[in-house]
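Open the model in a viewer and keep the selection panel at hand. The stops below are meant to be taken in order.

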Amino acid sequence: MVDYSKATDLFSPTRLGAIKVSNRIAMAPLTRSRVGDDGVPGDLQATYYAQRAGAGLIVSEATNISAEGRGYAMTPGIWTDEQVAGWRKVTDAVHAAGGKIVNQLWHVGRISHVDLQPNGQLPVAPSAIAAEGKAFTNNGFVDFSTPRALETDEIPRIVSDYAHAAKMAKAAGFDGVEVHSANSYLLDQFIRDSTNRRTDAYGGSIENRTRLTLEVVEAVVGVWGHDRVGIRLSPTTPDAGNTPPDSNVMATYGYLIEKLNNFELAYMHFVEGDTGGSRKTPQGVDLDALRALFTGPYIGNNGYDFELAKSRRGAGLVDMVAFGRPFIGNPDLITRLRYGLALTEAPKEAYYGGGAEGYIDFAATVL
Ligand code: 8OZ
C-alpha cells in the first residue's frame, strides 16, 4: 500500500493559534439540513461529526447565531440552552474520537424569507435589496424576501448577538469559532458595495463597509481570545443570492485582511473562487495575492483534490487545505488520501435534508 505521508506534510500535525491539529486537512463547513425548527442538533449529528474526527479540524456546518440570522429550514442554532446541550453531544463525541471542532457563526442577512423569521418579520440586511433566487423553507422553495435595512442603532445588537453565540459555543465545548464572513451572507453583504448602499458609518468607504466584520471579530475575540477565532472569506463567489462581487475586490478585501492581521487570529479560511464551484476568478482579481497579505495560518478551500492539495502545500501556498463534499461520502477521508484508496462519491440527493440515510451510513475503510 502506498503511504503519501512521506511525500507531503499534509498528514503531519500543526497548530492554528491555540488549536493543535493532528494533520493539515480540514473538513469544510457543510450545511446538511437535518435539524428541527428548534435548531437543536443531537445524537445523529454527534455520530456524523465523530465519524469525521480524523480531519485535523472540523468546521461545523454554518450555525445561526440568532432567530433573525436564520435563512434555511433545518439548520442548527447556537443561541439557546437547548442548542448548547445538543452541540455538547457533538463536541464530546468528536473529542472522544480525537478530533477538533470549531463552530461556524452565521447570520444570513438578506438570504432569508419571512416564513423563516420570528413573527414573520422581514429579514435584515445592510440595504433593502432583494437577493436573486429562492429560500428553502418548510413550505419548499420561495423567492427571497426583500429585506429591510438595519438602522444604525441596531448594529450593536447584531454585534452582541455574535458575542452571545460565541459564549454559547464556548459553553457547548467547541475548540473555537469561525466567523462566517463569506458567501454573501450578512457580513459579506456589508463588505460588498453591490449589497451595501448605506450612508452611515457602515456604508460607503471600504473602511466603513468592513467595519461590521471587524467589530464582530473584536467581540468574538473578546469571548474566546484571538487564538481560537478563525474567519472565513470568499471575495469572489456569487453564492448565495447571485450577489455581484465588490467593485474593487483587491482593495476591499486587501484592507480587511490587513486589519484582521492586527488580531492575530487562529486562521483565515479562504474560498478560492466560486464556493462549491469553479476556481476561476474575475479579471484583475488575484486571490493568492490577497492570501499573501495574511500573516497567520491560512486554510485554502474550494475544488481541491489531493493533487492540488499536495502541490499548493508543497509550494507553501497553504498551511491547511479544507475539503468539503469529499467528506460526505468518505468519513475517513484522511486515511483514504494518505493510502491512495478509492473515494466514494456521495449522491447529491444526500446533501440536504432527510435523516440517517446518506448522512451517517457511509462506511470507513477497513485497512
Ligand atoms: C449550502 C447550502 C446552504 C447554506 C454557505 C452556509 O454557503 C452555506 C450554505 C451552503 O456558506
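Is Pro326 buried, partly exposed or exposed? The coordinates come from a predicted model. Select Pro326: its relative accessibility is 25%, and because buried means under 20% and exposed over 50%, Pro326 counts as partly exposed. Pro326 lies in helix H10, which covers residues 326-329. Now add Gln121 to the selection and draw a distance between the two C-alpha atoms: Pro326 and Gln121 are 205 residues apart along the chain, and 37 Å separates these atoms.

Next, select the ligand. The space that the ligand takes is the largest pocket. Show the residues that surround the ligand: Thr31, Ala62, Tyr72, Trp106, His180, Asn183, Tyr185 and Tyr352. Taken alone, the ligand exposes 300 Å², and the protein buries 78% of that. Colour the shell by class to find five nonpolar residues, three polar residues and no charged ones.

Zoom in on two members of this shell. On His180, a polar side-chain atom lies 2.8 Å from a ligand oxygen atom. On Asn183, a polar side-chain atom also lies 2.8 Å from an oxygen atom of the ligand.

Stay on Asn183 and turn to its backbone. Which residue has a polar side-chain atom 2.7 Å from the backbone nitrogen of Asn183? That residue is Ser234. Select Ser234 and look along the chain on either side: Ser234 is found in the loop between strand S11 (229-233) and helix H7 (249-261). With a relative accessible area of 0%, Ser234 is buried.

Conventions. Residues are numbered from 1 along each chain as its sequence is written. This is a predicted model: local features need pLDDT of at least 70, side-chain atom pairs count only at pLDDT 80 or more; totals for chains, interfaces and linings use all residues. Side-chain values use heavy atoms; hydrogens and water are left out. Helices (H or I, at least four residues) and strands (E, at least two) are DSSP runs, numbered from the N terminus. Buried means under 20% relative accessible area, exposed over 50%, partly exposed in between (1.4 Å probe, protein chains only). A residue is near a molecule or strand if one of its heavy atoms lies within 4 Å of it. A polar contact is a pair of N or O atoms within 3.5 Å; within protein, one must be able to donate a hydrogen and the other to accept it, and residues adjacent in sequence count only if both atoms are side-chain atoms. Accessible areas come from the Shrake-Rupley method with a 1.4 Å probe; for residues, only the protein chains shown count as cover. On a 1 Å grid over the protein atoms alone, a cavity is a set of points where a 1.4 Å probe fits but cannot get out, and a pocket is an open set with protein on both sides within 12 Å along at least five of seven lines; lining residues have an atom within 4 Å of a point. A molecule sits in a cavity or pocket if more than half of its atoms lie within 2 Å of its grid points. Ala, Val, Leu, Ile, Met, Phe, Trp, Tyr, Cys and Pro count as nonpolar, Asp, Glu, Lys and Arg as charged, and the others, Gly among them, as polar.
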